[in-house]
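Work through the exercises below with the sequence and the coordinates open. Each task is followed by a solution in steps.

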Amino acid sequence: MRLYIFSLLSVFVFSQCATPTVDESTTLRIDITEGTNIAAHQSANGDVVFDLQGTLWIRPAHDEIATAITDPKWDARQPQWSPDGQQIVYQAYRDFNWHIYLWDRATQSSTQLTTGRYDHREPCWSSDGQQIYYSSDRAGTYDIWMMDRYTGRIAAITDDIGNEYAPHVLNQQLCYVSDSPDRYDLMLHDLTTGQKKSIYQSSAPLYGPTLLSDSTLSTVEIEDLSSSLLLISTSDASITTLSAMTEDVFPFRAQMIDEDIIAYTADGQIRHRDIQSGQYSYIPWQATIEILRDDYVRKEYDFDNDNAQPAKGIHCPKISPNGRHISYIALGDLWIHDLQTGENQRITHDLAIQLMPNWSPNSETVYFASDHGGHTALWSYELSSSLLTSITEISGMPSGIAVNKAGTQVALSFALGPRRGRLLTVDLAKQEITQISRDFPFSISSPSWSGDDEHLLLSILQPYSTLYREGINRIISVNISSGAVKNQAQPRHQSFGGRANDGPVISYDGQHMAYISQGLLWYTQIDQGLQPIGQAIQLTDHLSDVPSWTRKGQLLYMATDQLHILDIESRESKAISLGLSYRPELPTDTVVIHAGTVITMESDEPLIDQDIVIIGHRIHAIESHQEDRPSTIFIDASEQYVMPGLIDMHAHQGSDLGEVLGRKWLAWGVTSTRDPATYPYDAQNRKEAQQAGDLLHPRIFYTGSPIDGNRVYYNGTYAQHSIDQVNRELQRAKALDYDMIKTYVRLPDSVQQMVVDYAHELGVPVSSHELYPAAAYGVDGVEHIMGTSRRGYTPKMSQTYQTYADVIDIISETGMHFTPTVNIYGSYGVTLSRHPELLSDETLLAQEADWSIAYAKSMMDQAIDNEVAVEIFNRELSMVKRLNENGAHIIAGTDSPILPYGFGLYTELLSYEEGGLSPMETLRTATINAAVALNTQDHMGTISRGKLADILILDEDPLQSIYHLKSIDKILLNGHLINKSDLLTHP
């Protein structure tokens, strides 16, 4: 690898959007000779086309220097030369969907062959070059389709129940993979007769089938850490493993070069292997990528301001049926706003979590969820008597609450992770809980009652296929008596809301439905079967959320960052100002810590026998110990170790996790968190509650819903249908003053660049799962060693958990922040298997539910004496170690709630040490490195004068072993002293 650096004040050559004003930019040119998950194909004259990090390159037959033929932002993949060597067919992701493109050698340009909202992938040529075969999900599953190159006619070749994909054609034979719940079949389909048969079956995934001759085909089979290139006879299904046992074969088509030589990609290379001798050679290549990094001005934080601040975190507002009051959550508590007097009444005021208030039909009672007293329950508040009543305990915080029109039942929806939703009703008279229907296969939105109280309307995910998980949010109705589910009619590609508290909501007369789609508020008439009647009407042209009805046909909704009330009949809308404010709580005490050892993180060597003097919430001095130094609070840590608080840089949070969440974090030493995807109004609510002292929780840095494409997966994510909608989301980021912006996997690179430009103008970073060309136009961070990818494989790590020089060089040389989250890929179990006593730890047992402990034990049991699990661990941590040795900016994160909050970060850091990082290098990933990524290095990340007093006091030395991090005795959060023992029980 060779690196060239130039300074300039210009825009990146591939940019299609205006770049922000910056002080200075740096262009890097990186020579790459090794690629991760590359696919290649050789023409008859020896020219090789291959994809490297989403760009197609041609390496001429007699020259190692490759030339790019596609724009990096196209995400071009899996190329194949035409039989005459004059054209290349490939898939690319330019406009929110995968489509098939054709590059022409004569014109040096590409033509798009498929269009629309379906995905089209894995193209290949017929032997005569007249047809192109590809896989597509346009029929509800993946099937093999054919396009006539000259007439444009398309036709489905397969239509089975399962998915058929990865086609390859030779003469009149078609091979492809067909999946079923318990196996993968390698199919051979005679295009002349229509007959088809299964040639090979496997419980392991099969990739890249290729007809090498009329009698032989190949496929890549990947199981555990074995990636094998198989040769299979089409006549007797005999199998020969062509690749070496240690080879990392990439999951793409092989190619017959002549009768003895087969070409394929493996170990970062393009290889030729002699079938007879088994010997291989490789085709050397060099591709030079260009990367621009702009030095934009970062957002500054004022942690010293204790003046009154406007409360922006207005969460789940609902208007009363009579239109007189608005209930909402702010500063962690339930409030009621009187629209006539303008007064705000705080109904609850404690450290408990309140959520999802909604009104009785007579406007006299607010029902809500709370974990007051340490148990989650459905509560009610009576306006006339000011009486708060616990109705019945419920298992966890609901994602939505709705009261039926008769006022006799409350429906509760639960998002049990993205893959499960639950719907309950509570009979208010009997206080009985009934589950409606079985658990849903995906999380569901807040429910809404039909006019006759016999059905509930809600939204749920509908994937486009079972091969990939993304889809749209569609509306369904559920019969509360039978549990029967019925789809509501809707346009094929239209997505409704984010499966959150954003509708659909049925009017009190039962004749209309309001909902959010494309980020806007809509409504339509519905019939008795809850089906739409006539044309849906768009009510807003600005970002809209959380609609609720009055009996008189008015809708309350959130317009970016301000509540509005809209009259359906007149279309008049007025803004509602709640006028709510809060004051950040700053301590005034003088605290002196007599520290035996201070791990400052500024130096590898600790300080010995020091006094840390804290005035208010900042460190005033660090000096040699002096007896009787004046203080309000004195802490004798003369036999202990003092270090900065930890920062978890990737953890998804929410009020639905309850009051215990903050105590979990703090008990494991986490004093700051970054949430890279969450519901923004709730996050702002919790952030302001924490600042005001109304929520015991680490500092919160957050972004809102990830900006994704027109297909989504997670609840709380909005399908983006247009650039205008993306711009509206960016306006919300500005209005709520996000700390970062997260883009997700279905967002095209050209749109992601637009997001980056806007975010950098705001002074905030952007992070994503994407590596390149994200690095080229300024994305600040990359999440996960692997991570979900729109491609079906990740460009960061192979299917056998190996990474090559392209990934290492791009991350290391660009200075991107990298959050590995290794524990969610199996390292959690291996780490626990080496320290089984951790599952008996007092802190873990006191704070985690039984199911969480059971999950950790199952992960540990699976890893014990499991050589594959240990090798995966070694390969994952090898990537982290290589990046660290190359100067990459590694920051620690967990992707909780996949792992327990707090404990997950502890085990993540333990994994880094187990994988070869020193304790100091490991601690930096969760202290100063993380602070730099947040642009708070002047305030946190080290123990030094002027820094915020986010401090841990431990009984054992973490520089001897990260294991000792569990010995936390006391925590200082913003200067407030907290004993760890106090965090183990409900306050």
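**Exercise 1. Characterise the salt bridge between Arg791 and Glu770.**

Solution. The model is a predicted one.
- Step 1, distance: the closest N and O atoms of Arg791 and Glu770 are 2.4 Å apart, and the cut-off for a salt bridge is 4 Å.
- Step 2, position: Arg791 lies in the loop between β63 and α5 (805-814), and Glu770 in the loop between β62 and β63. The two residues are 21 apart along the chain, and the pair links distant parts of it.
- Step 3, burial: a residue under 20% relative accessible area is buried. Arg791 has 4% and therefore counts as buried. Glu770, with 5%, is buried as well.
- Step 4, context: both residues belong to a salt-bridge network that also contains Asp75, Arg77, Asp749 and Arg790.

**Exercise 2. Work out how the Lys687–Asp739 and Arg875–Glu871 salt bridges are placed in the chain.**

Solution. Side chains of opposite charge can pair when their charged atoms come close.
- Step 1: a search of the whole structure gives 44 salt bridges.
- Step 2: one of them joins the side chains of Lys687 and Asp739, with N to O at 2.8 Å. Lys687 is in helix α2, while Asp739 is in the loop between α3 (723-735) and β61 (741-742). They are 52 residues apart, and the pair links distant parts of the chain. Lys687 and Asp739 are both buried.
- Step 3: Arg875 and Glu871 also form a salt bridge, with an N to O distance of 3.0 Å. Both lie in helix α9, 4 residues apart, so about one helical turn separates them. Glu871 has 30% relative accessibility and therefore counts as partly exposed.

**Exercise 3. Describe the second largest pocket by its volume and its lining.**

Solution.
- Step 1: the volume of this pocket is about 930 Å³.
- Step 2: its lining consists of 36 residues. Nearest the centre are Tyr582, Pro584, Lys687, Gln690 and Gln691. Lys687 is thus shared with the salt bridge to Asp739.
- Step 3: at least two lining residues come from each of β28 (309-310), α2 (680-692), β60 (699-702) and β68 (976-979). Helix α2 gives the most, with 5 residues.
- Step 4: by class, the lining of the second largest pocket has 15 nonpolar, 10 polar and 11 charged residues.

**Exercise 4. Describe the largest cavity and what lines it.**

Solution.
- Step 1: the whole structure holds 9 cavities of 30 Å³ or more. The volume of the largest cavity is about 260 Å³.
- Step 2: 21 residues line the largest cavity, and Asn358, Ser448, Val505, Ile506 and Tyr508 are the closest to its centre.
- Step 3: the elements that give two or more residues to this lining are β29 (315-319), β33 (354-359), β37 (400-403), β41 (448-449), β45 (505-506) and β49 (544-549).
- Step 4: sorted by class, the lining of the largest cavity has 13 nonpolar, 6 polar and 2 charged residues.

**Exercise 5. Locate the cis peptide bonds at Pro504 and Pro773 and the positive phi angles at Asn171 and Asp865.**

Solution. Most residues other than glycine have a negative phi, and most peptide bonds are trans.
- Step 1: the bond from Gly503 to Pro504 is cis, with omega near 10 degrees. Pro504 sits in the loop between β44 (485-487) and β45.
- Step 2: Tyr772 and Pro773 are joined by a cis peptide bond with omega about 10 degrees. Pro773 is in the loop between β62 (766-768) and β63 (781-783).
- Step 3: Asn171, not a glycine, has a positive phi of about 55 degrees. Asn171 lies in the loop between β15 (164-170) and β16 (173-180). With 41% relative accessibility, Asn171 counts as partly exposed.
- Step 4: Asp865, also not a glycine, has a positive phi of about 55 degrees. The loop between α8 and α9 (867-885) holds Asp865. Its relative accessible area is 77%, so Asp865 is exposed.

**Exercise 6. Which residues make the nonpolar surface patch of about 350 Å²?**

Solution.
- Step 1: the patch is made by Trp851, Tyr855 and Ile898.
- Step 2: Tyr855 is in helix α8 (residues 850-863).
- Step 3: patch residues need over 30% relative accessible area. Tyr855 has 33% and therefore counts as partly exposed.

How values were computed:
Residues numbered from 1 in each chain as written. Predicted model: local features only at pLDDT ≥ 70, side-chain atom pairs only at ≥ 80, totals over all residues. Heavy atoms only, no water. Patch = residues over 30% accessible without salt bridge, like charges linked within 9 Å, V, L, I, M, F, W, Y side chains within 5 Å. Areas by Shrake-Rupley, 256 points an atom, 1.4 Å probe, with all protein chains shown as cover. Buried < 20%, exposed > 50% of the residue type's maximum accessible area, 1.4 Å probe, protein only. 1 Å grid on protein atoms, 1.4 Å probe; cavity = no way out; pocket = protein on both sides within 12 Å on 5 of 7 lines; lining within 4 Å. Points joined across faces, edges and corners; volume = space filled by probe spheres on them. Nonpolar A, V, L, I, M, F, W, Y, C, P; charged D, E, K, R; others polar.
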